[in-house]
Amino acid sequence: MSNVELLSPAGNFEKLKIALSYGADAVYAGVSHFSLRIRSGKEFTYESFEEAIKYTHAHGKHLHATVNGFPFNAQIPLLEKHIERVAAMNPDAFIVAAPGVIKLARKIAPHIPIHLSTQANVLSYLDAEVYSDMGVKRIIAAREVSLKDLEQIKKHLPHLELEVFVHGSMCFAYSGRCLISSVQSGRVSNRGSCANDCRFPYTLYAHNEESGTLFRVEESEEGTHIMNAKDLNLSAHVKEILDSGVIDSLKIEGRTKSAYYVGITTKTYRQAVDDYYANQFDASKYTAELDTTKNRGFSDGYLVNRPFEKNDTQNLAHSISEGTHQVIAQVSEDGTNCLCKDVLSLHTQYELIMPAHAKIEPIDNEIGTIFKEENIWKISFKKLQTPSGKLFDEIHSGNTNAIVLPTVLPGFTFLRAKIKG
């Protein structure tokens with residue numbers, strides 16, 4: 001069996017570059033039309049999307065184009081033109097959810113492989129066989145499916161590729177097929193404009209229809225975020241997943257997440273996968289790194305446990321937490337300077353988080369120092385200086401002045417600090 005693919009989100013061109021530099025084998029992205037992430041899709045024009053595909057291919061990696069929305073009749077002519085235009089850019093696959101769109105894509109662009117979106121809810125080899133007969137090359141498994149069921153699907157359809165989500169946000173609804181946002185704000189989730197209504201705090205009431213009395217139901221101060229699913233985190237189960245021998249791709253959710261999230265999750269799962277093949281897998285190594293990202297608490301979902309076997313998938317207290325670390329600055333693509341994301345101060349030590357396999361050397365000069373302490377690379381500034389020579393005592397988030405680094409660092413390196421608590 002060939003090594004499993006690590007598939008990361010690319011919400012915009014910068015995040016695409018970060019995902020690839022931090023170790024992704026492939027990325028998924030889309031122009032806003034007919035994608036289930038309209039907000040991130042707006043980051044790409046047709047022109048920049050074509051450039052992104054060329055960039056990805058130039059680095060020997062793959063790009064899967066999302067066409068996974070559910071179109072209405074009036075949108076079909078536009079959908080046809082969209083498929084034609086994106087197919088001409090030669091992405092490595094179309095991610096599609098609706099059977100009609102599969103048929104249309106196969107007709108317009110038979111040379112582009114079809115990957116079936118998780119929105120299609122494939123749970124059994126019967127459904128998988130139907131889609132395989134339609135020409136689907138890969139099934140992105142439903143979030144509710146178990147690893148044992150995927151083993152059965154592979155047994156019946158050994159030619160069919162299987163992809164599973166291993167990390168990221170989870171929907172309250174069945175396989176993400178949600179109507180809450182549509183009902184409350186008119187933003188249709190299944191057309192890519194979800195307002196994340198499941199993350200809101202809610203208050204419950206009991207209404208007596210005979211008297212008209214309205215009682216507020218309040219058992220405790222907690223429990224208001226009743227639909228807020230914890231984030232998926234299967235890093236500890238990567239060995240179990242790969243031992244099955246049936247999974248072709250591990251997918252990270254998060255096209256609307258931060259650049260730091262993309263870098264950290266990609267790098268962590270890259271290490272987990274590489275450690276597996278090197279017989280050095282150690283689940284404890286990956287947990288702490290993933291805890292540094294903003295999250296809603298973590299759950300291992302349903303791939304290795306049935307829903308009825310557990311009751312820890314909801315975060316009832318709050319919609320999201322800050323994680324254990326704060327991103328302080330992000331290094332430019334050319335590695336010569338950084339932009340502040342929080343508060344950047346003189347003579348303060350910050351941890352350096354670098355792309356996969358990056359190498360640097362210690363340095364000490366008039367700008368600052370870079371050194372290694374307890375196997376962690378750190379940086380401290382003696383001067384906060386712009387390329388034009390302007391000096392600062394401190395830089396805050398929102399300040400767009402680039403700050404010169406003591407030496408050239410790997411592009412898209414992050415400076416971070418532990419949150420005091």
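**Exercise 1. The second largest pocket**

How much space lies in the second largest pocket? Work out its volume, then describe its lining.

*Solution.* Keep in mind that this is a predicted model.

- Step 1: The second largest pocket holds about 850 Å³ of space.
- Step 2: Its lining has 24 residues, and the closest to the pocket centre are Lys267, Gln271, Glu289, Met354 and Asn375.
- Step 3: Now map the lining onto secondary structure. Two or more residues each come from α10 (259–277), α11 (283–290), β16 (350–353) and β19 (376–381). The top contributor is α10, which gives seven residues.
- Step 4: Sort the lining by class. There are ten nonpolar, four polar and ten charged residues.

**Exercise 2. The enclosed space**

Find how many cavities of 30 Å³ or more the structure holds, and characterise the lining of the largest cavity.

*Solution.*

- Step 1: The search gives one cavity of 30 Å³ or more.
- Step 2: The volume of the largest cavity is about 100 Å³.
- Step 3: Its lining includes Ala141, Ala142, Arg143 and Val145, along with Val164, Phe165 and Met170. Leu232, Leu234, Gly301, Tyr302 and Leu303 line the largest cavity too.
- Step 4: By class, that lining divides into ten nonpolar residues, one polar and one charged. Arg143 is the charged one, because Arg counts as charged, and Gly301 is the polar one, because Gly counts as polar.

**Exercise 3. Backbone angles**

What sign does phi have in Asn90 and in Asn279? Locate both residues and classify their exposure.

*Solution.*

- Step 1: Start with the background: most residues other than glycine have a negative phi.
- Step 2: Asn90 has a positive phi, near 60 degrees. Asn279, which is not a glycine either, has a positive phi of about 60 degrees.
- Step 3: Place them. Asn90 sits in the loop between α4 (76–87) and β4 (93–96), while Asn279 belongs to the loop between α10 and α11.
- Step 4: Check the accessibility. Asn90 has a relative accessible area of 42%, so Asn90 is partly exposed. Asn279 reaches 73%, so Asn279 is exposed.

**Exercise 4. A nonpolar surface patch**

Which residues make the nonpolar surface patch of about 210 Å²? Then take Val217 and classify its exposure.

*Solution.*

- Step 1: The patch is made by Leu204, Val217 and Ile226.
- Step 2: Val217 lies in strand β9, which spans residues 214–217.
- Step 3: The relative accessibility of Val217 is 39%, so Val217 counts as partly exposed. Patch members need over 30% relative accessible area, and the 39% of Val217 fits that cut-off.

Key:
Residues are numbered from 1 along each chain as its sequence is written. This is a predicted model: local features need pLDDT of at least 70, side-chain atom pairs count only at pLDDT 80 or more; totals for chains, interfaces and linings use all residues. Side-chain values use heavy atoms; hydrogens and water are left out. Patches are made of residues with over 30% relative accessible area and no salt bridge: like charges are joined within 9 Å, nonpolar side chains (Val, Leu, Ile, Met, Phe, Trp, Tyr) within 5 Å. Accessible areas come from the Shrake-Rupley method with a 1.4 Å probe; for residues, only the protein chains shown count as cover. A salt bridge is a side-chain nitrogen of Lys or Arg within 4 Å of a carboxyl oxygen of Asp or Glu. Helices (H or I, at least four residues) and strands (E, at least two) are DSSP runs, numbered from the N terminus. Buried means under 20% relative accessible area, exposed over 50%, partly exposed in between (1.4 Å probe, protein chains only). On a 1 Å grid over the protein atoms alone, a cavity is a set of points where a 1.4 Å probe fits but cannot get out, and a pocket is an open set with protein on both sides within 12 Å along at least five of seven lines; lining residues have an atom within 4 Å of a point. Grid points are joined across faces, edges and corners, and a volume is the space filled by probe spheres set on the points.
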